[in-house]
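Hi,

Here's the structure I promised to pass on. Have a look at it first, and then read on for what turned up.

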Amino acid sequence: MKKYLLLFIIAVFAMSCSKKVEVKGKITGSSPLERIEFVEASGVGTLPLINIGLDKEGNFSGSFEAPKDGMYVINYANKQNLIYLEGGQTVNISGNGMTFPNEYVITGDAKKNNDFLQASQKFLGEYGSKVNLNQLMASDEATFLKGIHKVEADINKNVEDLAKKNNPSKGLLEWKKNDVKVTILNLLANYEMSHGPMSGNPSYKSSKAFKDYETQLEDNKEVMVKTIPLYRQYLLVKMTPDFQKYAESNSKGKTDITTSEMFAQYLKTKKDLSQTAKDYLLAFVMAQADIHPTTPPNKIEKIKKIIDTDIKDATIKNDILKMQVAITGLKIGEAAPEAALIKQDGKSYQLSENKGKPYMLFFYASWNPYISEATVPVLKEVVNFYKSKMNFVFVNVDDTKDQFIKTSNSLLKGVQGVNVYGEGGMGSDIAKKYGVYAFKLPCFVIIDKDGKIASRSFVNLGEQELVTILDKLTGLSAPKVDPGMQLQPGLQMDPAAQQAAPQPANPQPAQTK
């Protein structure tokens with residue numbers, strides 16, 4: 001009997017400690033080309049934790065490891081909304097393709113929390129339309145503070161009323177109370193910056209009562225900096241004038257210093273900030289200022305060094321490094337990672353089979369219509385031009401092997417190259433190792449004859465940098481075309497392709513109010 005009791009206790013403990021979230025549901029009137037993504041809202045980047053496809057009826061299901069209990073962002077059809085999730089939950093989501101995720105219904109474990117969250121969001125929308133913030137901003141300080149205290153009291157009363165009605169978890173209730181404080185702090189910061197110019201009093205400085213109110217609102221700042229990105233933005237706004245002065249006096253004669261380097265140096269002078277706050281703020285600035293698809297290799301290495309030396313939190317360090325790989329690609333000169341791949345006949349495939357000859361990896365999926373409409377015609381031209389001197393490996397990241405076979409046979413019929421599948425699609429081994437996400441499809445990576453990374457990640461075949469690398473590795477010379485003329489496929493990117501190209505992810509999801 002004791003043995004079975006022990007097993008039961010172990011099972012319950014394992015369930016309570018699980019970080020996995022099961023999500024399933026149905027979006028009526030949706031398109032099977034659309035995808036649902038979940039992103040941790042409080043993290044330092046917006047890399048999706050999972051990318052889920054919908055079937056013809058709009059059904060979907062999937063699971064992912066939630067880094068922590070807290071706020072997440074649902075992405076669907078270029079629209080976003082917040083959802084509160086906890087590890088170990090099974091979440092049932094339903095909605096309509098026309099309004100999802102602006103509107104959705106949740107049943108299952110997450111119902112109470114998200115009923116509370118949606119009701120509070122609805123109240124804020126309605127309340128915000130009734131409060132004349134412009135009039136408050138134009139008021140004298142005493143009138144402004146009186147009005148803002150009332151706004152805070154009204155919102156907090158609604159939070160308390162909704163908490164009694166919906167009984168949300170302790171974690172969500174704490175988040176919501178901190179979220180209210182951050183909202184008020186940002187209103188105070190806006191007033192402090194704009195009141196002087198608006199009132200015609202450029203010498204305006206906030207009073208002690210104003211400063212005391214700010215201090216009171218920041219009584220839980222260590223938790224707020226970890227859980228609310230808008231609070232990090234508030235801190236950055238507050239320190240911007242001081243940072244600008246620091247940068248002006250410390251950048252003389254330094255022509256190649258990056259924003260991240262300067263900000264890292266500046267943070268070392270801020271004795272009033274915790275290391276946690278410094279880590280989050282530095283990661284935020286890096287993502288905004290210096291991590292871009294065209295970041296040169298020398299700057300990428302600078303950023304990596306700063307991440308390694310200045311960011312102390314292991315989770316933040318890991319997240320910003322993953323974001324850097326997703327945006328800029330793997331380090332040029334490093335060995336190309338092997339990954340689990342299979343061919344149409346079910347046999348395994350190794351990238352190292354190409355050693356001795358340069359090759360291009362092409363990542364694609366059937367649910368991205370741009371690939372079939374604009375990328376494949378250009379790909380055919382590129383393959384035909386370079387195929388005598390290099391290999392091509394077409395990596396499918398669809399949801400199933402059957403879809404891979406169907407897509408590769410129709411989309412790449414007659415194109416010389418090896419068709420392979422990453423089992424698990426967007427969650428596959430190869431997608432993780434090469435930093436491939438939905439916003440990065442199509443994706444191209446060049447590997448040299450020694451099996452080493454020879455290029456950053458490209459999302460357009462027509463970029464001149466990519467053509468230059470291909471020419472260098474093959475000894476061939478692609479025809480040069482007058483940029484002002486109608487361009488041939490494969491050698492330059494047309495304007496439509498430029499607009500369709502995925503952009504780097506915004507490193508912090510906006511707070512939904």
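The accessible surface of the protein adds up to about 25,000 Å², and carbon and sulfur atoms account for 54% of that. Keep in mind that this is a predicted model, so every value here is computed from predicted atoms. Of the 513 residues in the protein, 49% are buried. If you want to find your way around, the protein has 17 helices and 14 strands. Of the contacts between residues at least 6 apart in sequence, 69% join residues at least 24 apart.

Now the inside. In soluble globular proteins, nonpolar side chains tend to be buried together. Here the largest nonpolar core has 75 residues, and the members that touch the most others are Phe144, Tyr231, Phe263 and Ile320. Which helix gives the most to this core? That's helix 5 (residues 170-199), with ten residues. Try clicking on Phe263: leaving aside residues up to four places away in sequence, Phe263 touches Leu236, Met239, Phe243, Leu281, Leu282 and Val285. Apart from this core there is another one, of 56 residues, and Val325, Ala336, Leu412 and Ile469 are among them.

Next, a sheet. Four strands make an open sheet in the order 3-2-5-6, with antiparallel pairing. Strand 3 (50-53) and strand 6 (79-85) are at the edges with a single partner strand each, so one side of each has no neighbour in the sheet. From one strand to the next, the twist averages 25°. Strand 5 (residues 70-76) pairs with strand 6 over seven bridges, in the antiparallel sense, and Tyr76 sits opposite Lys79 in strand 6. Helix 2 (residues 111-130) lies across strand 5 and strand 6, at about 135° to strand 6.

The loop between strand 5 and strand 6 is worth a look too. Most residues other than glycine have a negative phi, and most peptide bonds are trans. Ala77, in that loop, has a positive phi of about 50° even though it is not a glycine. Asn78 lies in the loop between strand 5 and strand 6 as well, and has a positive phi of about 65°, again without being a glycine. Are these two buried, partly exposed or exposed? Ala77 counts as partly exposed at 27% relative accessibility, while Asn78 counts as exposed at 85%.

There are two cis peptide bonds to point out. One runs from Phe100 to Pro101, with omega near 0°, and Pro101 is in the loop between strand 7 (90-96) and strand 8 (105-108). Another runs from Leu441 to Pro442, with omega near -5°; Pro442 is in the loop between helix 15 (429-433) and strand 14 (443-447).

Last, the aromatic rings. A search of the whole structure turns up 21 aromatic pairs. One of them is Phe362 with Phe394, edge-to-face, at 6.1 Å centre to centre and 80° between the planes. Phe362 is in strand 11 (residues 359-364) and Phe394 in strand 12 (residues 391-396), so the pair ties together parts 32 residues apart in sequence. Phe362 is buried, at 0% relative accessible area, and Phe394 is buried, also at 0%. Phe385 and Tyr386 form an edge-to-face pair too, at 4.8 Å centre to centre. And Phe144, which you met in the largest core, joins Tyr191, Tyr204 and Phe210 in one aromatic cluster.

Have fun exploring!

Conventions: Residues are numbered from 1 along each chain as its sequence is written. This is a predicted model: local features need pLDDT of at least 70, side-chain atom pairs count only at pLDDT 80 or more; totals for chains, interfaces and linings use all residues. Side-chain values use heavy atoms; hydrogens and water are left out. A nonpolar core is a set of buried Ala, Val, Leu, Ile, Met, Phe, Trp, Tyr and Cys residues joined through side-chain atoms within 4.5 Å. Buried means under 20% relative accessible area, exposed over 50%, partly exposed in between (1.4 Å probe, protein chains only). Helices (H or I, at least four residues) and strands (E, at least two) are DSSP runs, numbered from the N terminus. Contact means heavy atoms within 4.5 Å. Two strands pair if DSSP finds at least two bridges between them. Axes are lines fitted to C-alpha atoms, for helices over the stretch in contact, and angles run from 0 to 180 degrees between N-to-C directions. Accessible areas come from the Shrake-Rupley method with a 1.4 Å probe; for residues, only the protein chains shown count as cover. Rings of Phe, Tyr and Trp (its six-membered ring) pair if their centres lie within 6.5 Å; planes under 30 degrees apart count as stacked, over 60 as edge-to-face and the rest as tilted.
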